[in-house]
Amino acid sequence: MGWSKDELEKAYENYRDAVVRATRTRDWNCYADQFTEDARYVEHAYGTMNGREAIRKWVTRTMSAFPGSRMTSFPPSWYVIDEERGWVICEVQNPMEDPGDGTEHNAPNITILHYAGDGLWSYQEDAYNPMNFLAATKRWCAHAEKCGNLPDDARAWLDRMAKMGV
C-alpha cells in the first residue's frame, strides 16, 4: 500500500465527480466504474454487493426508483484520508428535491472507502440509521402531498411502507 496523499485526494475527487455526473445524468454506470472488478460494497439497508457488476446492478436499480430518484446530490460535509492505509471516510448528505414548498429533507450517512490503486476503490460501506432515512422520506412525501406534488412512485412507496407496518 502506501499511496501518496495526492493520489488518494485525486481518486476521491474523481469519485465525487462521478457521483455528481451520475446524479445529473441519472446514469450510474460511471459511478460503478469507480470500483475494482472484485470490489465489496456494504449497504446497511440493502445488504452486501460483491463485484463491480453487482454494484452496478444495485446502484442503477436503487437510484432510478423512489426515494433515490428524488435525491438531488450527495455532497460530502467533511472527509479524512488515511494515506498509510488507503482509507477515505466522509459524511455524505442525501438531500431530496424541493417537494414544492421550499422545505429541505435530508439524512446523512458515513461512507468508508478503501483505495485499491489505479484510481479504483475495492470497498465501500455506507453506515447510517435507516430509520432516519425513512423519517426524512416520509416527511418529504407529506410535504409533496400537501403541495399536490406527490408523484406516483412516492405514493406506491408509501403504500408499501404502510403494508409493511413501517
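Four bridges join strand β1 (residues 35-43) to strand β2 (residues 47-50), and the two strands run antiparallel. This feature belongs to a predicted model. The briefing below covers that strand pair, two helices, the nonpolar core and the cysteines.

**The β1-β2 hairpin**

- Strands β1 and β2 form a hairpin, with three residues between them.
- Tyr41 has Met49, in β2, as its bridge partner.

**Helix α1**

- Helix α1 covers residues 5-25, which makes 21 residues. At 1.5 Å a residue these should span 30 Å, and the C-alpha atoms at the two ends are 30 Å apart, so the expected and modelled values agree.
- The buried residues of α1 are Leu8, Ala11, Tyr12, Tyr15, Ala18, Val19, Ala22 and Thr23. Around the axis they cover an arc of only 130 degrees, and they therefore lie on the same side of α1.
- Exposed residues Asp6 and Arg24 are carried on the face of α1 that is turned away from its buried side.
- The packing partners of the buried residues of α1 are α2 (29-32), β1, β3 (76-82), β4 (87-92), β5 (109-117) and β6 (120-127).
- Arg26, just after α1, takes a positive phi of about 65 degrees.

**Helix α5**

- Helix α5 consists of twelve residues (residues 152-163). The span expected at 1.5 Å a residue is 16 Å, which agrees with the 17 Å between its end C-alpha atoms.
- Ala154, Trp157, Leu158 and Met161 are buried in α5. Seen down the helix axis, the buried residues fall within an arc of 100 degrees, so they line one face of α5.
- These buried residues of α5 pack against α4 (130-146).
- On the face of α5 turned away from the buried side are the exposed residues Asp152 and Lys163.
- Gly165 follows α5 and has a positive phi, near 75 degrees.

**The largest nonpolar core**

- The largest nonpolar core has 43 residues, of which Tyr15, Tyr31, Phe35, Trp121, Trp140 and Cys141 touch the most other members.
- Two or more residues of this core come from each of α1, α2, β1, α3 (52-63), β4, β5, α4 and α5.
- Helix α1 gives the most to this core, with seven residues.
- Trp140, one of the residues that touch the most other core members, has contacts beyond its neighbours within four places in sequence. Its partners there are Phe66, Arg70, Met96, Glu97, Asp98, Pro99, His105, Leu150, Pro151 and Ala154.
- Ala154 thus appears both among the contacts of Trp140 and among the buried residues of α5.

**Cysteines**

- The structure holds zero disulfides. A disulfide is a covalent bond between the sulfur atoms of two cysteines.
- For Cys90, the closest cysteine sulfur is that of Cys30; it lies 16 Å away, which is too far for a bond. Cys90 is buried, at a relative accessible area of 0%.
- Cys141 is likewise in no disulfide, and the nearest cysteine sulfur, that of Cys147, is 12 Å away. The limit for a disulfide is a pair of sulfur atoms within 2.5 Å.
- Cys141 is buried, with a relative accessible area of 1%, and is among the residues that touch the most other members of the largest nonpolar core.

Methods:
Residues are numbered from 1 along each chain as its sequence is written. This is a predicted model: local features need pLDDT of at least 70, side-chain atom pairs count only at pLDDT 80 or more; totals for chains, interfaces and linings use all residues. Side-chain values use heavy atoms; hydrogens and water are left out. Buried means under 20% relative accessible area, exposed over 50%, partly exposed in between (1.4 Å probe, protein chains only). Two strands pair if DSSP finds at least two bridges between them. The expected span of a helix is 1.5 Å times one less than its number of residues. The arc is that of the directions from the helix axis to the C-beta atoms. Contact means heavy atoms within 4.5 Å. A nonpolar core is a set of buried Ala, Val, Leu, Ile, Met, Phe, Trp, Tyr and Cys residues joined through side-chain atoms within 4.5 Å.
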